[in-house]
Amino acid sequence: MGNCLTCFQTTTNNNDNKPTVEPTVEPRTTNNTVDRGETDELLSESPAHITSLSTDIRNGSFKKSSVGLNGNINAVGDVFAAGKEHSVSDNTLNALFEEYKDDEEDAILSEGIERLCSDLGYKPDDFAILVLAWRLDASQMCRFTKTEFIQGLQQMNCDNVGDIRIRLKQTIEKLKTNSEMFKKLYRFTFRFGLEEGHRIVSLEMAIILWRLVFSVHTPSILDKWLNYLEQRSDIRGVPKDTWNMFLNFAETCDITSYDDTEAWPSLFDDFVEYETDRTNQNITQKDRQSPSDQL
């Protein structure tokens, strides 16, 4: 099951009839910079002693582990461990899963997710639902497996809709101030947007996800960046490296002081050049106006 836009219904201006072209964004190296393949080192966190709760569902029992789904350390850790109010019930968790699961498949699919969103008081394309997918360590859009759903809610210490709503609000508040936590959500979002078997996110999906993930941290450059990408008919996909580096680029770079000799993806060079030319053209046109035109 590939990307599903049911949960992310924002639209873009891309032309679906444009020919598919392999992405032209490639890492570039200089004599004084690191190779682009080391991007993850630039963005990676220091080794953190995060003990996450991963579960195997075997006859209704749950086993603790430090490894999350797909061999990944869980993205969040039990950030609310100190505030636990009660122990979740295995039976209640299973019953909650059954309430939303698909009739034919042992997973919660689009219809069930829409009902869950409605019960939580959110729309499927709200930022909070991306946060929920992250807390569940969901591996695909519009699909929560039984393991993901029960494991994630155990870690969140939730076994009912009301508690899920509370935890989501708490997490969103933390994301507003905790840059390391936001970085984990940001990096998860790329994996979440991948189609099965692909290593790049389609440009259309990347634009949708950039708008979504920056709901609580909106860089001033975001609209210019996305408008630029929507005009690039030759790029159909965004690789992980470019996705990861954009967070760093958006947080630290000023177009007027951008250094193209540093280890940025070439797409960033093109974007800065485009914005610089556009700004200069606007200034020139304004200078050419007569005094009466400027009034």
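Cys158 is buried in this predicted model. Its relative accessible area is 0%. That value is under 20%, so Cys158 counts as buried. Cys142 is buried too, at 2% relative accessibility. Disulfides were sought by the distance between cysteine sulfur atoms. The count comes to 0 disulfides.

Arg167 sits in helix α6, which covers residues 161-177. Its relative accessible area is 6%, so Arg167 is buried as well. The side chain of Arg167 has polar partners. One of its polar atoms lies 2.8 Å from the backbone oxygen of Met156. The side chain of Arg167 also makes a polar contact with the side chain of Gln170, at 3.2 Å.

The largest nonpolar core contains 71 residues. Five of its members touch the most other members: Phe144, Phe149, Leu185, Trp210 and Phe246. Phe149 illustrates the packing. Beyond its neighbours within four places in sequence, Phe149 is in contact with Leu96, Phe97, Ile108, Leu116, Leu136 and Phe144. Phe144 is thus named twice, as a contact of Phe149 and as one of the core members with the most partners.

Phe246 belongs to the core and is also one of the buried residues of helix α10. The other buried residues in α10 are Asp241, Thr242, Trp243, Asn244, Met245, Leu247, Phe249 and Ala250. Helix α10 has 13 residues, from 240 to 252. At 1.5 Å a residue, α10 should span 18 Å. Its end C-alpha atoms are 19 Å apart, which agrees with the expected span.

Methods
Residues numbered from 1 in each chain as written. Predicted model: local features only at pLDDT ≥ 70, side-chain atom pairs only at ≥ 80, totals over all residues. Heavy atoms only, no water. Core = buried A, V, L, I, M, F, W, Y, C linked by side-chain atoms within 4.5 Å. Buried < 20%, exposed > 50% of the residue type's maximum accessible area, 1.4 Å probe, protein only. Contact = heavy atoms within 4.5 Å. Helix = DSSP H or I, 4+ residues; strand = E, 2+ residues; numbered from the N terminus. Expected span 1.5 Å × (residues − 1). Polar contact = N/O pair within 3.5 Å; in protein donor to acceptor, adjacent residues only side chain to side chain. Disulfide = S-S within 2.5 Å.
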